[in-house]
Amino acid sequence: MLSSLAVGYGSQRGLYGQETSRITLEWPPYCSPASPLPMRTGGRILVDNLLLQGVELAFCVPGESYLPVLDALYDVRDRLRLIVCRQEGGAAYMAEAYGKLTGRPGIVFVTRGPGASNAAIGIHTAAQDSTPLIVFVGQVGSDFADREAFQEIDYRRMYGSIVKWVAQIERPERIPEYVARAFRVAQSGRPGPVVLALPEDMLAAAQRPLVVAGGSGWNADACVNLARFAEANALPVACAFRNQDVFDNRHLNYAGDVGIGINPKLAARIRDADVLLVIGERLGEMVTGGYTLLAAPQPKQALIHVHPGADELGRVYQPALAIEASVAPACAVLAAMAPIAAPVWSGSAAAAHAEYLAWQMPRPMPGLLDLWQVVATLRERLPEDAILANGAGNYATWLHRLYRYPRFRTQLAPYNGSMGYGVPAAIAAKAAYPERTVVSWNGDGCFLMNGQELATAVQYRLGIIFVVVDNGMYGTIRMHQERQYPARVYATDLVNPDFAALARAYGADGETVSRTDEFAPALGRALAAGRPTLLHLLIDRQAITMNATIDDLRRQATAAPR
Ligand SMILES: Cc1ncc(C[n+]2csc(CCOP(=O)(O)OP(=O)(O)O)c2C)c(N)n1
Ligand SMILES: [Mg+2]
């Protein structure tokens, strides 16, 4: 499949009239058993073609969107050297410089979405410098395409003006969905009044309703109004992925967050709900368990979808009731509605909250430093208005699952799963709210994507607490490799600096924390100092996810070969 797309190099003239060779080639990422596409073979064919072209050196930052290619590269590691980099901007620059030096195309592999975005600087450099460069970008599976799935970008449009050619594998198998959407969009394109009165009817007939809140357009009042509405009607409320701060996580109606690593009990509640009131959230891949919690295009649950964008209403899921409205006025109307007297579902909110609390009960973690306890300490010690910023990686799951975001805008986390966000976001937070405590929560991979901005924190005397959870690897990708390509670990190990010493070199304070009991005093010192401080947390490499060790994953993969 892929070989048919590795269609030669562009022969057009470059910006300055020179011959250039630059394409981006994308492929669907997953080898789902249902997929007719032989992905491993695709990866192999691609790598074989690179070898045929004489490629000996390539650069990458790994990503789950192109695991089959990484695995194919593993097999030829003695012939094709792969340099694993710390940020795609650096990787793309390296490939561009290689192209410039040798006159042969530099090769770089980056992941979809955020990886592709980071790489753009190298691609633009190659365009203006007329350097041969081939960028391989992961892409969401074609069965998810055009839903704005997680990390999905239309590369034809994104790179359209700076590359010579962009190609992509297409599978025209979702026509029914497109037709449904076309009808919906055609109808919703015409401006209409906003209707907010009907949910009452829908809720009156419900037995197992659930609210999912998320998206943008929230403010403190909207959050208060949502809480009022939920209390008055005894409704359980879940928050969408990385929008965990729109409903007080300590509230007795809070059911948990709907995202990566969802509480299975909450997932069951969503599946079993008969009415789903979704406020502000667009129902993307991360919030639907990869489009499995709801059926497309017609969900089993009666979907009441409140969203300010007409295009999002019915885009993937046809709602029973589509309400085109901004979040804040919608919540104001919901709060003002007469409550439903003695609803049949009363008790379900408390049950959902109990499941949420049970999901947070500590479990054993290998090694001397226990992140469950670390986040519990943050929960106890941080003031209620503290802001926590993070990027992407398994290290974030401890925070997302265990921290209880108490109020609006205490969470800064990228919905697009972008690495490198935690440091700059924390700097912005502290610059905007100097009086609030700000914690930047990073993995070792994530931190070094934009760790140089520590200098900015020091320059502006921003007393941020930077936490680096160091497992010596791009752990998330390693996890996928262990599951899908056990014992063929590649391009995910990292050799790290002494992060505490690095922080001190920047003029910040730095401490290394290698045991659980060292964390609370170190945090106390950081909170008291009010200076930029980095806490370098050395965790056991085995602790790759909250529920499983590397050995567990390996055992599972060997027991059930794909
Ligand atoms: C800009 C960007 N590049 C690549 C990825 C793919 N990716 C997702 S998580 C991850 C590893 C994160 O490593 P680290 O910060 O050390 O966290 P860990 O998973 O080890 O806890 C990678 C490479 C991404 N999400 N964003
Ligand atoms: Mg890591």
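This report describes salt bridges and one sheet in a predicted model.

**Salt bridges**

The predicted structure holds 21 salt bridges. Three of these pairs are set out in the table, with the distance between the closest N and O atoms.

| Pair | Closest N and O atoms | Relative accessibility, first residue | Relative accessibility, second residue |
|---|---|---|---|
| R250 and D248 | 3.1 Å | R250, 40% | D248, 25% |
| R282 and E312 | 3.4 Å | R282, 14% | E312, 12% |
| E482 and R554 | 2.8 Å | E482, 0% | R554, 31% |

In the pair of R250 and D248, R250 is partly exposed, and D248 also counts as partly exposed.

R282 forms a salt bridge with E312. This pair links distant parts of the chain, 30 residues apart. R282 is found in the loop between β10 (275–279) and β11 (302–307), while E312 belongs to the loop between β11 and β12 (321–324). R282 counts as buried, because its relative accessibility of 14% falls under the 20% limit. E312 is likewise buried, at 12%.

The third bridge connects E482 with R554. E482 lies in helix α17 (residues 475–484) and R554 in helix α20 (residues 550–559), so the bridge ties together parts that are 72 residues apart in sequence. E482 is buried, with a relative accessibility of 0%, whereas R554 is partly exposed at 31%. Both residues belong to one network, in which salt bridges with shared partners join R478, E482, D493, R541 and R554.

**The parallel sheet**

An open sheet is built from six strands, ordered β14-β13-β15-β16-β18-β17, and their pairing is parallel. At its edges are β14 (411–412) and β17 (509–513), each of which pairs on one side only.

Within this sheet, strand β13 (residues 387–390) runs parallel to strand β15 (residues 438–443), and four bridges join the two. L388 has V439 in β15 as its bridge partner.

Helix α14 (residues 422–432) lies across four strands, namely β13, β14, β15 and β16 (465–470). Relative to β15, helix α14 runs at about 175 degrees.

**Summary**

Of the three tabulated pairs, R282 with E312 joins two loops, and E482 with R554 joins helices α17 and α20. The sheet contains six strands in parallel pairing, and helix α14 lies across β13, β14, β15 and β16.

Key:
Residues numbered from 1 in each chain as written. Chains lettered and ligands numbered in written order. Predicted model: local features only at pLDDT ≥ 70, side-chain atom pairs only at ≥ 80, totals over all residues. Heavy atoms only, no water. Salt bridge = Lys/Arg side-chain N within 4 Å of Asp/Glu carboxyl O. Buried < 20%, exposed > 50% of the residue type's maximum accessible area, 1.4 Å probe, protein only. Pairing = 2+ DSSP bridges. Contact = heavy atoms within 4.5 Å. Axes fitted to C-alpha atoms, helices over the stretch in contact; angles between N-to-C directions.
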